[in-house]
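Reader: I should like to learn how to read the main features of a structure that I have not seen before. Could we take them one at a time?

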Amino acid sequence: MIEVRNLTAGYRGKNVIWDASLTFEPGNITILLGPNGCGKSTLLRTILGLQRPSGGQTLVDGVSLEKMTPRQTAQKMAYLPQSRGIPNISAYHMVLHGRFPYLKYPRRYRQEDHEAAMRALRWIGAEELADCFLPELSGGQRQKIYLAMALAQETQTILMDEPTTYLDVQYQMEVMRISRELANQEKSVVIVLHDLCLAMRTADRIAVLDAGQICRRGTPEDVYGSGILDRVFGVKIQRVWVEGGWQYYYA
């Protein structure tokens with residue numbers, strides 16, 4: 001389990017996140033919402049140890065992140081960034097990169113690493129893309145490969161920064177479906193999103209950030225009832241009950 005306690009962080013001596021406290025529990029999808037520039041990506045990177053906090057701490061299964069090596073951290077948390085380069089390698093070898101935290105010197109892949117990579121590709125429904133080179137794939141297909149790489153890392157927690165950006169509706173729903181299946185496997189799934197309605201339909205827990213601070217946290221029902229989305233985003237969110245649950249829309 002990941003616990004964030006009073007985390008403060010920023011860049012070049014200027015904080016953009018103040019006093020953030022959150023808990024990411026197994027079996028839950030937690031979605032971080034907030035306007036552009038409010039600190040969502042900075043919070044994610046600080047939780048992962050990719051940048052140092054200026055205050056507070058992150059605990060991973062009760063152990064301070066500062067006491068863990070990068071290799072140990074990568075065995076606990078996988079990260080899908082908002083954007084990345086497109087190397088000219090096969091999808092299969094990209095997924096294999098998720099096994100790096102488990103390799104010892106000299107870094108040679110073992111049979112179990114190859115099995116984990118193929119298992120991730122099958123699970124994501126992308127086995128037929130294994131031999132394709134990344135530049136040949138569509139944006140949605142590449143995103144599935146990057147997600148498979150994160151799954152091959154076999155961590156308890158997966159953090160994703162805007163995984164549905166630039167994807168069509170089909171792939172957006174596929175990413176959300178996969179996220180739900182991961183949570184059903186008792187993994188912690190943390191997602192930064194801009195799509196408020198998609199977040200409200202998907203999340204178990206939501207944290208709303210504004211001006212570098214977490215101004216509301218709770219279930220979608222709690223967040224909707226508080227009116228915080230209207231105030232922070234300046235839009236009106238409504239909902240209607242349909243078979244299977246609430247559907248949210250912009251009024």
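Author: The following exchange treats the sheet, its central strand pairings, the helices beside it and the pockets. Please note that this is a predicted model.

Reader: In what order do the strands of the open sheet stand?

Author: A sheet is read from one neighbour to the next. Here the open sheet has 6 strands in the order 6-7-8-3-9-10, and their pairing is mixed. Strand 6 (77–80) and strand 10 (213–218) are the edges; each has a single partner strand, so one side of each has no neighbour in the sheet. From one strand to the next, the twist averages 15°.

Reader: Is strand 3 buried or exposed?

Author: A residue counts as buried when its relative accessible area is under 20%. In strand 3, 5 of the 5 residues are buried, so this strand is largely enclosed by the rest of the structure. Both of its faces are covered, with Ile29, Ile31 and Leu33 buried on one side and Thr30 and Leu32 buried on the other.

Reader: Which residues stand opposite one another in the paired strands?

Author: One looks at the bridges that link two strands. Strand 3 and strand 8 run parallel and share 4 bridges; Leu32 has Val192 of strand 8 as its bridge partner. Strand 3 is also joined to strand 9 by 4 bridges, again in parallel, and there Ile31 stands opposite Ile206. Strand 7 (residues 157–161) and strand 8 (residues 188–192) are parallel too, with 5 bridges between them. Met160 faces Ile191 of strand 8 as its opposite residue.

Reader: Which strands does helix 1 lie across?

Author: For a helix beside a sheet, one notes the strands it crosses and its angle to them. Helix 1 (residues 40–47) lies across strand 3, strand 6, strand 7, strand 8 and strand 9, at about 150° to strand 7. Helix 5 (residues 139–152) lies across strand 6 and strand 7, and runs at about 170° to strand 6.

Reader: How many residues line the largest pocket, and how many line the second largest pocket?

Author: A pocket is described by its space and its lining. The largest pocket holds about 690 Å³ of space and is lined by 34 residues, with Leu48, Gly49, Leu50, Pro70 and Thr73 nearest its centre. That lining comprises 18 nonpolar, 12 polar and 4 charged residues. The second largest pocket holds about 280 Å³. Its lining has 14 residues, of which Gln82, Gly139, Gln143, Thr165 and Tyr166 lie nearest the centre. Helix 5 contributes the most to this second lining, with 4 residues.

Conventions:
Residues numbered from 1 in each chain as written. Predicted model: local features only at pLDDT ≥ 70, side-chain atom pairs only at ≥ 80, totals over all residues. Heavy atoms only, no water. Pairing = 2+ DSSP bridges. Axes fitted to C-alpha atoms, helices over the stretch in contact; angles between N-to-C directions. Contact = heavy atoms within 4.5 Å. 1 Å grid on protein atoms, 1.4 Å probe; cavity = no way out; pocket = protein on both sides within 12 Å on 5 of 7 lines; lining within 4 Å. Points joined across faces, edges and corners; volume = space filled by probe spheres on them. Nonpolar A, V, L, I, M, F, W, Y, C, P; charged D, E, K, R; others polar. Buried < 20%, exposed > 50% of the residue type's maximum accessible area, 1.4 Å probe, protein only.
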